Amino acid sequence: MSAEQRPRREVVTGVPRAAGRAPGHAHARSEITEHTTLGTTYVRSLMRSQLRTALCALASLALLVGTLPLFFALPAAFDDGSPASGAVLWAALGVAVHPLMWLTARWYVRRAERNERDFLGLVEGR
Amino acid sequence: MNQAYAVTAVAAVVLATLLIGGLGLRISRTTSDFYVASRTVNPGLNAAAISGEYLSAASFLGIAGLVLLQGPDMLWYPVGYTAGYLVLLVLVAAPLRRSGAYTLSDFAEARLESAAARRIASLFVVGIGWLYLLPQLQGAGLTLEILTGAPGWAGGVIVALVVAGAVAAGGMRSITFVQAFQYWLKLTALLVPALFLIAAWTGDDAPRARFDAPAVLREHTEVRIDDTVRIELDRPLTLTVSGSVDGQEHHGRALTLAEGGHRVGAGTVLGLPAGARVPTRVTSEADPASWSQPLSAGDGHGLYATYGLILATFLGTMGLPHVAVRFYTSPDGRAARRTILAVLGMVGVFYLLPPVYGALGRIYAPELALTGDADAAVLVLPERIIGGTAGELLGALLAAGAFAAFLSTASGLTMSVAGVISQDVLPSRGVRHFRLATLLAMAVPLAVSVVATHVPVADAVGLAFAVSASSFCPLLVLGIWWRRLTPPGAVAGLIVGGGSALTAVMATRAGIAPEGWAHTLMAWPAVWSVPLGFLTMIAVSLATARRLPPGVDATLARLHLPEDLTGRHRPEGPERPEGAGR
């Protein structure tokens, strides 16, 4: 085997840098689209902030609505059975719950969009 | 009720559905149009379509009937149906849209990169879809029977034909228009008569509905009992009987029944005097009304059942096949969120109305509890309270709304089940195969609804929610938020969670469950089967950590990053995850 056919030795010092890559913010963007470790970290930070927002909304749903059966079971336990508790049941489940849930949802949508804007700001360096 | 008005109203709804569907057909040109309306549906139209699709027979007729029978505890149903959308918005809406998945099986495959996970998910989509279609068809049969005296199968067949026709002809685009129209029709059909009824009720010195005592009849009432029932009297009752009571034949003469249990034969007509207490119907296992019975029961059973219902509806909505398909029609994740916010408003406004009918029914038509036709409360109230031509016209409007409810939910379900069948069962895709799949999707539940006439309607809907909450809720939530979910974990969780919920409810229905707590636990499985599904998925995923899908980081980035960062705005052509379909 002749010396010419042998593959030439190359000195590798790092990942070849693409020519003409814009400095600064475009860097973070390509880290993300190319799924490097750093990009994954960016995505995880967004996931964490979105999950936190989601859990806040769920917690308020659980507190406002999820505890109602317990609340309604209490008067029965004390056995007063007054018609007033019936009226509270109608007002709470028939009417009040719906605007509460809608407001929770609106808060969540605004918050989630803000998280995304903040994230874009971070990534694009704005 | 005047049959001519009701038949005209129902025919008008059917015609309008076909007409709007046909208009869609002329617009719908490409395959992409056909499946997902090219993802250009704006949030307002899309939200009306989603709401129209979601508000089924159970909402339009069922809630009022349940409230009439059992009082305000039943309001947990509409609250749960609405809250389900809030949970869906918060946990899955935007990521599910960004996943690019058209059906839940597409999501399973895209996230887990596993054909096995896709097949199991498809199985559950078709199963839950059929469970949900069955009561729509049966409800249509019941409504048409009450309105016109047509045989019980006729309504189901009409709905099946119209829906299969509209879906197969126009696909998703026309369905979007049809369903948006049907939301507004349903809201109007319930709102206008409600205003008249409330006015009449106020003019009648606004009598209060009492739910803690047996309902009292306001005037002499003739009640026809179609099926043999057992009734319970807490004090002696004087009435006239034509037919059999306790095995003895009577021919229209006055009779005093002692307190305690009595058996009223099928076809008996009872004449109850004004001021009489309506006898309590004793429910048995095979009785349609028995499903929701434990909600109002004491000693902890009621509380447990209430939480069972809350978990099933709050978490089950996200896994209903016709709900998931709708996300794909939004242009991006942000629009998906805003659409769901609008849906919450629309559904919430609608749900203010059925309880009004339930309470008025308790005052003016309490004998419906005795005949077991409580679902008809919405339909008969205008005639009962207002009467005359005005009452008949309002009744016809309600009948039209009820039919819109069957049609819209059934078409959404057919669309999504047919989507899965055409992708995963039939050999090749394309519009022709989609049409074939539509027929398949509709034929099976139609056959069951004709053969099995006495499947309890409320059961099937509740069952669909419980199974969906125990299978797809863990898959979606863990798939979107937990990186370490593996294909074997997902498959195990789907089978253990969804399977156990299905088995438990089927066993209760079959009467295998022993009395007491075991019965309550099995009738309302969501409290234990949802955590079971989650735990199985997590445990098996941790045990099979080596099977982590290789592209998991890329997938999660796609699910959570806003579209303007990833540049994934592709307005035309259905994007499919690689290898989707096989």
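**Notebook: chain B, its hairpin and its contacts**

I began with strand β4 of chain B, residues 248-257, and found that this strand is hardly covered, since the count of buried residues among its 10 residues is 0. I note here that the model is predicted, and that a residue would need 20 or more other C-beta atoms within 10 Å of its own to count as buried.

Next I looked up the partner of this strand, and found that β3(B), residues 237-245, is joined to β4(B) by 9 bridges, with the two strands running antiparallel. Within this pair I could place B:L237 opposite B:L257, the latter lying in β4(B). I then turned to the hairpin that β3(B) and β4(B) form, where 2 residues stand between the strands and B:D246 takes a positive phi near 55°.

I went on to the domains of chain B, and wrote down domain 1 as 3-203 + 286-562 and domain 2 as 221-277. Where these domains touch, I found 4 residues from domain 1 of chain B and 7 residues from domain 2 of chain B. The side belonging to domain 1 has 1 nonpolar, 2 polar and 1 charged residues.

Last, I looked at the contact between the chains, in which 37 residues of chain B meet 39 residues of chain A. Which helix gives the largest share of the side of chain B that touches chain A? I found that α5(B) does, with 9 residues. Other elements that each supply at least two residues to this side include α10 (301-316) and α12 (333-350) of chain B. By class, I recorded 26 nonpolar, 6 polar and 5 charged residues on the side of chain B that touches chain A.

Key
Residues numbered from 1 in each chain as written. Chains lettered and ligands numbered in written order. Predicted model: local features only at pLDDT ≥ 70, side-chain atom pairs only at ≥ 80, totals over all residues. Domains from an automatic or database assignment. Contact = placed C-beta atoms within 7 Å. Nonpolar A, V, L, I, M, F, W, Y, C, P; charged D, E, K, R; others polar. Helix = DSSP H or I, 4+ residues; strand = E, 2+ residues; numbered from the N terminus. Buried ≥ 20, exposed ≤ 12 C-beta atoms within 10 Å, placed from the backbone. Pairing = 2+ DSSP bridges.
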